Amino acid sequence: MGNKGEEVPLLIAQTGPLNGQRWFLRNSVIIGRDNSCEIVISDRQVSRRHARLTTTTNGVLLEDLGSKNGTHRNGERVDEPVILEDGDNVQVALAQNFIFISSDATLPLEGEDIFLRKEGSGLLRIDKRSRRVWVGDQEVDPPLSVSQYKVLELLYENEGRVVTRLQLVEAIWGEDEVINFSEQALDAIIRRLRDRLASVDATHSLISTVRGHGLRLDNPPED
């Protein structure tokens, strides 16, 4: 861990060959397949020099280095350098997934498992900090897109209660975009979210439509 009193951004490998490894981000870090990189991912999907993380006065900057298979932040392809925020998900090609933590000061003590802090006791569980989702013991992988996750988190926070379409729109696009939102776009996000959850567990219909009102999360206890 970092020095006592020192707050150091951290990158933690999740799904992929580097699962569980972590790196403190004090300087520039190159991610790639080449052995000269600070973070080496031995997978042909990964370019020799794939992406770079640079610690700046404004935060940690993520940039793709012209990779063939792309770098994604929270499900969105990184075309221009972007400043990471706490809890952001970074995907390198389809080979390796990382979680970005803005400071190690709020991490569990050594020996605690950051990956298993799933909240709640229902079949569906969420770790809000890492934005990871489980149905039973199986994780939803690859991670949900940002819009899918926002819908699920709002439903999760209001488990058993109806969430209106207006509330869902505000959660995804913000209050300023309520007038301009597309019904079809919202329906597509909900449909895709249902498909992703069903791909993990098709025996439970977790998201119910309450006609004329909105959606409700039905989260039965885990067996």
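**Exercise 1.** Is Asn 74 buried or exposed, and what is its relative accessible area?

*Solution.* The structure is a predicted model, and we begin by placing the residue along the chain: Asn 74 sits in the loop between strand 7 (71-73) and strand 8 (76-77). The next step is to take its relative accessible area, which is 10%. Because buried means under 20% relative accessible area, Asn 74 counts as buried. We can then look at its surroundings: once the neighbours within four places in sequence are left aside, Asn 74 is in contact with Asp 88, Asn 89, Arg 131, Ser 145 and Val 146. With one of these, Asn 89, there is a further detail, since the side chain of Asn 74 reaches the backbone nitrogen of Asn 89 at 2.8 Å.

**Exercise 2.** Find the strand in which Gln 91 lies, and decide which side chain its own side chain meets in a polar contact.

*Solution.* Gln 91 belongs to strand 10, which covers residues 89-92. Its relative accessibility is 14%, and it therefore counts as buried. Leaving aside neighbours within four places in sequence, the contacts of Gln 91 are Gly 70, Thr 71, His 72, Gln 96, Asn 97 and Pro 143. Among them, Asn 97 is the residue whose side chain makes a polar contact with the side chain of Gln 91, at 2.9 Å. As a last step, compare sequence with space: Gln 91 and Gly 16 are 75 residues apart in sequence, while their C-alpha atoms are 9.8 Å apart.

**Exercise 3.** Describe how the side chains of strand 1 point, and name the strands joined to strand 1 by bridges.

*Solution.* In a regular strand the side chains alternate between the two faces of the sheet. In strand 1 (residues 10-13), Leu 10 and Ile 12 point one way, whereas Leu 11 and Ala 13 point the other way, and all are buried. Turning to the partners, strand 1 runs antiparallel to strand 2 (residues 22-24) and is joined to it by three bridges, with Leu 11 opposite Trp 23. Strand 1 is also antiparallel to strand 11 (residues 96-101), where there are four bridges, and here Ile 12 has Ile 99 as its bridge partner.

**Exercise 4.** How many cavities of 30 Å³ or more does the whole structure hold, and what kinds of residues line the largest cavity?

*Solution.* The search finds one such cavity, and the volume of the largest cavity is about 60 Å³. Its lining includes Asn 89, Asn 97, Arg 131 and Pro 143. Sorted by kind, the lining residues divide into four nonpolar, four polar and four charged.

Terms used. Residues are numbered from 1 along each chain as its sequence is written. This is a predicted model: local features need pLDDT of at least 70, side-chain atom pairs count only at pLDDT 80 or more; totals for chains, interfaces and linings use all residues. Side-chain values use heavy atoms; hydrogens and water are left out. Helices (H or I, at least four residues) and strands (E, at least two) are DSSP runs, numbered from the N terminus. Buried means under 20% relative accessible area, exposed over 50%, partly exposed in between (1.4 Å probe, protein chains only). A polar contact is a pair of N or O atoms within 3.5 Å; within protein, one must be able to donate a hydrogen and the other to accept it, and residues adjacent in sequence count only if both atoms are side-chain atoms. Contact means heavy atoms within 4.5 Å. On a 1 Å grid over the protein atoms alone, a cavity is a set of points where a 1.4 Å probe fits but cannot get out, and a pocket is an open set with protein on both sides within 12 Å along at least five of seven lines; lining residues have an atom within 4 Å of a point. Grid points are joined across faces, edges and corners, and a volume is the space filled by probe spheres set on the points. Ala, Val, Leu, Ile, Met, Phe, Trp, Tyr, Cys and Pro count as nonpolar, Asp, Glu, Lys and Arg as charged, and the others, Gly among them, as polar. Two strands pair if DSSP finds at least two bridges between them.
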